[in-house]
Amino acid sequence: MKNKKCVIFIAVFLCLIFTACDFKLIGSATKTDAPEKEDPTLGFSMIDMYYVTNKDGVNIYRTPEIDGEIYMTLNKGVELRGNGQKDGWVRVRLNDIACYVMLADIDETTIKWATETDAKRETHVIFIDPAKQINKDESLEPIRPDLSLSDIASSEKEENAKTNELSKASMAEAAVGVTTGNFEYEITYKIADKVRNELTTLGYTVILSRETNSVNLSNSRRALDAIEQDAEMYVRISAGAAKDSDLNGMATFITTDKNPNTVKYYTSNYEIANLILNKASKATGAKKQGIYKTDRLTSLNYCTAMPAVSINVGYLSNETDDTNLSNEDYQSKIAEAIAEGIDEYFKGKK
């Protein structure tokens, strides 16, 4: 009887073990049977080809997917070097980042850039700041980096705090075209994006302060971002408004030679401002207003680690300037001139 009970006990025990093993096997099979999403960046055949964009508005993507993140948009005629190809996509490098472009948007070209074995291709980091944003920010910030929040608090007790020499609004309201109704932040971003395209083609690394109009970045924050990203030059692009509707043309702005935070860059600032203004005025036919020296622009005051200039590409309060700035060709001329000015400056430093 005892032996019979032992046999029954062993049989039940073995059944329980096999059942547990079955559950484990089933669970394991269910997990391994789930398909893993394929990495779309894998499987590119290695190539070393040179291409050129064959139309305006060519999207450069972070992944080879038509609904993927767009890194930047290029105009027609931008040269690219491809190092991979797969399923109608070409892998390229821009600003030292792997990106992807559709093969249908580019043509092969005979251009051959210098490689490390030919000649070391020098690059510089340029920070472009398209002025303004959708929402203004009336909160006060120190106008200079050597001022503290306690200085601001003291100035707020005064009747005209916003006009006090110690502080300014973090971001003023954008100007609006008197004829077109276009917003300043739209115009400045379009031109900045074109400048990026031009400089990237020339081999520069370009960083924009913003990639969308709906940001909340103060003037000082934009300059500090440029410093944190080791930029070698800061260029602000604005398209303001004036009380006098007849005022038109272009002007550049730099800090004065008395500014303790930026005085070491005064000579460079003047040289860059002069190059950009002359080239932009000549390219567009716009009136040259001149180079203004001021310590009332917050962003320029905070650029303590690099040359910095601001260019007002026109006045949206003037009918002629407003109409011109809405024209894509006119914007491209400005962008090309700014890029040429920057490139000439660095070539002169070799």
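Two strands are taken as paired if DSSP finds at least two bridges between them. The views below show a predicted model.

**View 1. The parallel pair formed by strand 8 and strand 12.** Strand 8 covers residues 125-130, strand 12 covers residues 233-238, and the two run in the parallel sense over 5 bridges. Within this pairing, P130 has I237 of strand 12 as its bridge partner.

**View 2. The open sheet of 6 strands.** The strand order is 11-8-12-15-13-14, and the pairing is mixed. Strand 11 (205-208) and strand 14 (288-293) form the edges, each pairing on one side only. On average, neighbouring strands of this sheet are turned by 20° against each other, direction ignored.

**View 3. Helix 4 across strand 8 and strand 12.** Helix 4 comprises residues 219-228 and lies across both strands. Relative to strand 8, helix 4 runs at about 165°.

**View 4. Helix 8 across four strands of the model: strand 8, strand 12, strand 13 and strand 15.** Helix 8 spans residues 328-347; among the strands it lies across are strand 13 (250-254) and strand 15 (308-312). The angle between helix 8 and strand 12 is about 160°.

**View 5. Two buried cysteines, C99 and C303.** C99 has a relative accessible area of 0%, and the value for C303 is 1%. Both residues count as buried because the relative accessible area is 0% for C99 and 1% for C303, and buried means under 20%. A search of the whole structure finds 0 disulfides.

How values were computed. Residues numbered from 1 in each chain as written. Predicted model: local features only at pLDDT ≥ 70, side-chain atom pairs only at ≥ 80, totals over all residues. Heavy atoms only, no water. Axes fitted to C-alpha atoms, helices over the stretch in contact; angles between N-to-C directions. Contact = heavy atoms within 4.5 Å. Disulfide = S-S within 2.5 Å. Buried < 20%, exposed > 50% of the residue type's maximum accessible area, 1.4 Å probe, protein only.
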